[in-house]
Amino acid sequence: MANNEESRGLKSLFDWFANRRKAGATNPERQEREIADGLWHKCPKCGVLTYTKDLRANQMVCVECGHHNRVDSDERIRQLTDPNTWRPMDENLRATDPLQFRDRKAYSDRLREMEDKLGLLDAVKTGLGQINGLPIALAVMDFRFMGGSMGSVVGEKITRLIEQATQRRYPVVIVCTSGGARMQEGMLSLMQMAKISAALERHRDARLLYIPVLTNPTTGGVTASFAMLGDIIIAEPKATIGFAGRRVIEQTLREKLPEDFQSAEDLLKHGFVDDIVPRTQLKTTLAQLIALHQPVPTTPPMVLWETTMSLSSTAAE
């Protein structure tokens, strides 16, 4: 009798633990609470748990498999620029709704929602700063704002940055991440491709450096314009880079594409990008490239001639 009671008691205890474990594993609210505390980050590639603090110290790159987690524009600016050197430009530019576009909701409502949720006015931040003491004009796109889509404000801010860089004789670096042109602005969005490209051509005519950094993903009209117009094109590992989507291309060609199609590694192999640089080495690499391509001082010929003659006469004496 006692043995039966003991066995029933043990069985009940085991059932209680099993039920508790099962409830904890299947309860989505509990999982959400455990993940939402922000102390840990689970790598979407290898599944390894890492302290969020350690992950941020490694620039949001998984220490186990090297997976590059997506970062926002503020984090990217902190990673690339020297402390207290960042000076933002055109912070108050915001998009309007000239076409009165509406799908499931009005475009103006979408813009308002993004602004309230993210604190951003559009999908790019631009400004002047320094990288290892070297001056730079930097634009950083933010995929959180409507997929980093390129609208009129994105085009205008990048164009103004390039023109300012040309005037100051600064190199330009644009960190690209985008789903392409913003369909809610129609032709006005597509016009930004030509406007930015024209500004880059004037920058090139001044014999100044432009480096685009292609991150995951960089697609559509951004790829078809300023993302591929760099003097030196850098990509992050495993970044998706392309124009049309994979499924669209497969349906058009009616054949299966390779697994690494539109990856940074595939583009490097075919000569579309010049180098793949891990995020932890990006700032150092950019600083080295900028230092090697410093613009030649524009000294007036007469001043140069007078300096040469003065040095010659001194040497003769």
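This section describes the pockets and a nonpolar surface patch of a predicted model.

The largest pocket holds about 400 Å³ of space. Its lining comprises 22 residues. Nearest the centre lie His 67, His 68, Asn 216, Pro 237 and Lys 238. Four elements each give two or more residues to this lining: helix H4 (73-80), strand E5 (134-141), strand E6 (172-178) and strand E7 (210-218). By class, the lining of the largest pocket divides into seven nonpolar, eight polar and seven charged residues.

The second largest pocket encloses about 300 Å³. Here 16 residues form the lining. Asp 74, Pro 88, Glu 91, Leu 120 and Lys 125 are the closest to the centre of this second pocket. At least two lining residues come from each of H4, E3 and strand E4 (124-131). Helix H4 thus appears in the linings of both pockets, giving two or more residues to the largest and at least two to the second largest. The class make-up of the second lining is eight nonpolar, two polar and six charged residues.

On the surface, a nonpolar patch covers about 470 Å². Leu 99, Met 187, Leu 188, Leu 190 and Met 191 make up this patch. Leu 99 sits in the loop between strand E3 (87-89) and helix H5 (107-118). The relative accessible area of Leu 99 is 45%, so the residue counts as partly exposed. Patch residues need over 30% relative accessible area, and Leu 99 has 45%.

How values were computed:
Residues numbered from 1 in each chain as written. Predicted model: local features only at pLDDT ≥ 70, side-chain atom pairs only at ≥ 80, totals over all residues. Heavy atoms only, no water. Patch = residues over 30% accessible without salt bridge, like charges linked within 9 Å, V, L, I, M, F, W, Y side chains within 5 Å. Areas by Shrake-Rupley, 256 points an atom, 1.4 Å probe, with all protein chains shown as cover. Salt bridge = Lys/Arg side-chain N within 4 Å of Asp/Glu carboxyl O. Buried < 20%, exposed > 50% of the residue type's maximum accessible area, 1.4 Å probe, protein only. 1 Å grid on protein atoms, 1.4 Å probe; cavity = no way out; pocket = protein on both sides within 12 Å on 5 of 7 lines; lining within 4 Å. Points joined across faces, edges and corners; volume = space filled by probe spheres on them. Nonpolar A, V, L, I, M, F, W, Y, C, P; charged D, E, K, R; others polar.
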